[in-house]
Each structure stands twice: as C-alpha cells, then as structure tokens.
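User: I have this model open next to its sequence and would like to talk it through with you. Please begin with how you name the pieces, and then we can go wherever that leads.

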Amino acid sequence: MASHTAPSPLPVARPLAALPLPLSLLPILLTPLVLVIHGYHPFAGDAGIYTAGVRHILQPTLYPRNAVFVTAFTHRSVFPWLLAGLVRLIHLPLALTLLATHLFSIWLFLTASACLARRLFSHPSAPAFATLLAAACCSLPVAGTALVLMDPYVTARSFSTPLSLLTVAAALDGKRARTLLLIALTIAVHPLMGIDTAAFVVLLVLISAGRTRTALALCAAAFVLAGAAFALVHGIPADSAYRQAVSLAPRSFLFLARWRWYEVLGLLLPLALFALARPRLGPRTLTRALCLTSILLGTVALLIAACFVPPAGPYLLVPLQVLRAFHLIYCIGVIFCGSAFTTLAYRTRWLPTTLLVLLFATMFLVEPLTWPGGRRVELPGLFPVNPYVQAFLWIRTHTSRDAVFAFNPDLVYRPDEDEQGFRARSERDQLADDKDAGVAAVLPSLAPRWAAQRNAESSIDEMSDAERRATLMPLGATWLLLPPSASTTLPCPWRNTAVQVCRLIR
C-alpha cells in the first residue's frame, strides 16, 4: 500500500542512447543465432494471414471470394501497409523483404531487452545476460495463450513486442512524450497488444509515483466493468456460428477453463516469482515497481478470464483475449531472470554460461518437434521439402488467379502441414477453414460466413463427386485439394504423397 507521506522519486534510468559499444553489438551478433536456433517459417501460423494481407494490398485482384478474411487485420493495423510499402520502395520480392524484416525485428527485440535491463540493473553484465536469455527464449510459450515471445515469422507482434519493451523503458525514464508516442505506435501496429501495453504503463506510472491505491482501484474497476458487461449480455443467446468458431479445439486458448493444468501453472508461476522477488528489492526501486505492476495486471487479467469468459458464453469479452496481457509480463520476467544470472556469475563463472548453453541447445532440439514438416530455416529460393507447400506452389503457377479452392477445413492443423498458409503460399483463394475461425473469433460479424463455408466442406474427403459439385460449387469453389486416398473421377493434374489437386467441373 502507498505510504501516507510523500514518496521520494524513483531513481532516474539511463538514457536510451547510452548503450556501450560491446552491448550494442551483442544483438547484432545474436540475431543470426536466433534465426538458426528458433527457425524461420515465413508463411506459417499467423504469418499466413498477415502475408496474405500484404499480397492483397500489393495485388488487390487476389482472393476474389474471401478477401474479408485476408483484409480483417489490414483494416486494423498499419503493419501490413508498412510492409507492402517497403516492398514497393526497395523493389525486392516479398520473400526477401520478409526475411530482412524478420531479422530486423529480432535485432530490435534484443536491443529493447538490453535497453530495459540497463535501466533496471546497475551491474554492467546484467544487460548482456538479459539479452542472451531473451535470445534463448524467443520461442518460449506464454502459458496457454498460443503465443511465444517472438514468432519464427513476421507478424504485427514482431514489432509490437519490442515497441512494448521500449515503451516500458521510456516510462521508467519519465519521458512522457516518448512514452505516449511509443504507446500510439504499438497500438497502431497491434491494437490488442498496444492496449495491454498502455494498461501496463498506466499502472507502472501510478505505482512509481507512490499511488499504489489508485492502481489497485483501477484494477478493481476493470474487474467490475468486465463483470457488468458480462451481466448485461448474460442470458442473450450466443450466435451459433460464433459459438462454433470459438469452440473449435485449436481455439481452446480463448477459455481458461479449457487449459491444461501446466498451462494454468504458466500463469500462476510468474506471478508467484514476482511476488517472491518484490520483498527482496529496495522499497523505492524500478524493479520493485515493475514486479508489482506485473502482479496487478496479471492478476486482474486472470480473474477476468476465469470469471467472465466461460466456454458456454456469453462471448462478449472473447475478442479481447485478456490473458495475452501475460505476453509482456513474460518478456519482463525473462529480462529479470537473465539479469539475475549476474548473481550466479559471482559464485562461479561457468554456471550461467552452462545454463545458457543448455537452454539454447534445448530450444534447438525442440524446434523440429514443433515444426516437423519442413526445413528449420525456410530461406527464399529453396525448394520446399513440405509436400503440402509443393502442392501450393504448383497451384500458384498452374491455376488462374480467380481460382477458389476447397479442402478439409482442418488441413492447416495436420502435423506435417505445419500451419502453412494456403492463401499466402499459393496466392489463390479458398473457402474458409479452421484457421479462419481465429479471424471470426476476433471479428464476430464474419462468423456466419465462416460457418457456412467451413461446414459445407467438412466432409469433402468422403463426399462423392456429385455431392462435391452440389455442395461446393454454389459457394464459388472451382478446385479441390483432396488426400491421395480420396475417391474421385474429377481431372486431377497434379498429386504427391500428401494431396491431389483436382478441377471441380460439371
């Protein structure tokens, strides 16, 4: 609780430009190592959505049937527009631009981690250890949120994450104008992550000023407001299409009640560690203020998710994905843990080095288990080893731009497919699949369109050709992706061990 006496000001942090030369070089040296350790999959996961959005900006005639699923994020983030503008400016292929942008985002994340660590810890080796641990933990899962610290591909989060860390550093510096500018940039790049950052900074500023009771009151008000919104819509039947979209197994991260026990532990453990560390820190220190801020924001997000985002509905708060506030908390926790390696170095120099080497090695070994279907680093120009990607590239060069494909909606989540984005890879449109359910979860207005298309093709592999024509052609499908075992008499000009590409004709 705040003292009744006027608090003394927090110590002033070092300015942004004061990184010594060896420390400023460390992110540059670590960037290629991060690429090799954690991999690079430029058209997979959420990158498939963002990259398809960039392609649509560059070529508006793409995706004539379902552009709404592609442009959903381009209407809410400046990131795809900036990336498309960069492609036009430098006149390089999108694949090369994505690689360069990914490398830059890694460097920026590591630099932001070093800057924040230097503000928090006085020992000269603390920023280096924090940067090393941040590099090792790029693919660390954030509890059960379906996020990692830094994706192995380029999305808006690739830049909202380092911008969030720089925002916290500016707030600790007391640079109000810079803090507001960075918050605005973060929101422009990724609105949800930007809002989480703004909430974190507001609590941090209040706690740093000794106004802890006000920070507690704001957290309580957020909880009460969420409860009021929940009560307001409770009893109103949820749209069946939206219920289906958020209830799919890949969307289980939206509901805390569906998390596994160790995923819930991933929320509780960092809060407990911050709570244990806080009493050991000085009463008026930056680190103590950050600990309490993380505890308050994490706790209120956890309580809102547990009380007001049930799997049975109502779903008013689902698009906010409140538990993703833990992403910034995890980033700060990694910086804290890395800086704590300086204490280990006092006792024995080899122990922190050994721990870092073991962590890098573990992440190196885990990467192919997470992405089993292709190369560790998918560099531009290399022939893909993933058979699904081979099919997508054949489609890009052998079908017309107005082609619309139908395939099993869970294809994107099959293990060897590696969540490779069909639209981003093939530059062709498709009927909605289970990945598009994530877009519908954020934008409920798209749920009816998503459900109509997704449910129509859910049994495509077992349908007869007559059923495929009757069901899929009215939705605009002109081509099919079928497993090699599927029975069909349709003309299929290309096939491999994973799929056959068939023309849907009368």
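Analyst: Helices are DSSP runs of H or I with at least four residues, strands are DSSP runs of E with at least two, and both are numbered from the N terminus. Please keep in mind throughout that this is a predicted model. With that naming, Pro314 is found in the loop between helix 13 and helix 14 (326-347).

User: OK, and which residue does the cis peptide bond join to Pro314?

Analyst: The partner is Gly313, and omega of the cis bond between Gly313 and Pro314 is about 5°.

User: What about odd backbone angles, say the phi of Tyr63?

Analyst: Tyr63 is not a glycine, yet its phi is positive, at about 60°. Tyr63 sits in the loop between helix 2 (47-58) and helix 3 (67-71). Phi of His91 is also positive, near 60°, and His91 is likewise a residue other than glycine.

User: Where is His91, then?

Analyst: His91 is placed in the loop between helix 4 (79-90) and helix 5 (94-120), and its side chain reaches the backbone oxygen of Arg88 at 3.4 Å.

User: Is His91 buried or exposed, and what about Tyr63?

Analyst: His91 is exposed, because its relative accessible area is 68% and the cut-off for exposed is over 50%. Tyr63, by contrast, counts as buried, because its relative accessible area is 0% and buried means under 20%.

User: Switching to helix 5, where does Ser113 point its polar atom?

Analyst: Ser113 is in helix 5, and a polar atom of its side chain lies 2.9 Å from the backbone oxygen of Phe109. At 1% relative accessibility Ser113 counts as buried, and, setting aside residues up to four places away in sequence, Ser113 touches Ala134, Leu165 and Ile335.

User: Leu165 sounds like core material. How many residues has the largest nonpolar core?

Analyst: The largest nonpolar core has 136 residues, and those with the most contacts inside it are Leu116, Leu165, Leu290, Phe326, Ile332 and Trp450. Helix 13 (residues 286-308) gives the most to this core, with 14 residues.

User: What is Leu290 in contact with?

Analyst: Apart from neighbours within four places in sequence, Leu290 is in contact with Leu120, Val168, Leu172, Phe200, Leu204, Ile332 and Phe336. There is also a second, separate core of 16 residues, which includes Ile395, Phe407, Ala498 and Val499.

User: On to rings. How many aromatic pairs are there?

Analyst: The count comes to 19 aromatic pairs. One of them is formed by Phe392 and Phe422, which are edge-to-face, with 5.1 Å from centre to centre and 85° between the planes. This pair links distant parts of the chain, since Phe392 belongs to helix 16 (residues 387-398) and Phe422 to helix 17 (residues 422-426), 30 residues apart.

User: Are Phe392 and Phe422 buried or exposed?

Analyst: Phe392 is buried, with a relative accessible area of 0%, and Phe422 is buried as well, at 4%.

User: Which residues do ring pairs link into a cluster?

Analyst: The cluster linked by ring pairs holds Tyr50, Phe73, Phe79, Phe104, Trp107 and Phe159.

User: And which residue lies over the face of Phe364?

Analyst: That is Arg376, at 3.7 Å from the ring centre of Phe364.

User: Last topic, helix 20. Which of its residues are buried?

Analyst: In helix 20 (residues 465-472) the buried residues are Asp465, Arg468 and Leu472. Seen down the axis of helix 20, its buried residues fall within an arc of 60°, so they line one face of the helix. The elements that cover these buried residues include strand 1 (404-407), helix 19 (447-456) and strand 3 (479-482).

User: A buried arginine catches my eye. What does the side chain of Arg468 make a polar contact with?

Analyst: Arg468, which is buried with a relative accessible area of 0%, makes a polar contact through its side chain with the side chain of Asp465, at 2.8 Å. A polar atom of the Arg468 side chain also lies 3.0 Å from the backbone oxygen of Met463. Not counting residues up to four places away in sequence, Arg468 touches a longer list of residues, among them Ile460, Asp461, Glu462, Leu480, Leu482 and Leu504.

Notes
Residues are numbered from 1 along each chain as its sequence is written. This is a predicted model: local features need pLDDT of at least 70, side-chain atom pairs count only at pLDDT 80 or more; totals for chains, interfaces and linings use all residues. Side-chain values use heavy atoms; hydrogens and water are left out. Buried means under 20% relative accessible area, exposed over 50%, partly exposed in between (1.4 Å probe, protein chains only). A polar contact is a pair of N or O atoms within 3.5 Å; within protein, one must be able to donate a hydrogen and the other to accept it, and residues adjacent in sequence count only if both atoms are side-chain atoms. The arc is that of the directions from the helix axis to the C-beta atoms. Contact means heavy atoms within 4.5 Å. Rings of Phe, Tyr and Trp (its six-membered ring) pair if their centres lie within 6.5 Å; planes under 30 degrees apart count as stacked, over 60 as edge-to-face and the rest as tilted. A charge sits over a ring if NZ of Lys or CZ of Arg is within 6 Å of the ring centre and within 35 degrees of the ring normal. A nonpolar core is a set of buried Ala, Val, Leu, Ile, Met, Phe, Trp, Tyr and Cys residues joined through side-chain atoms within 4.5 Å.
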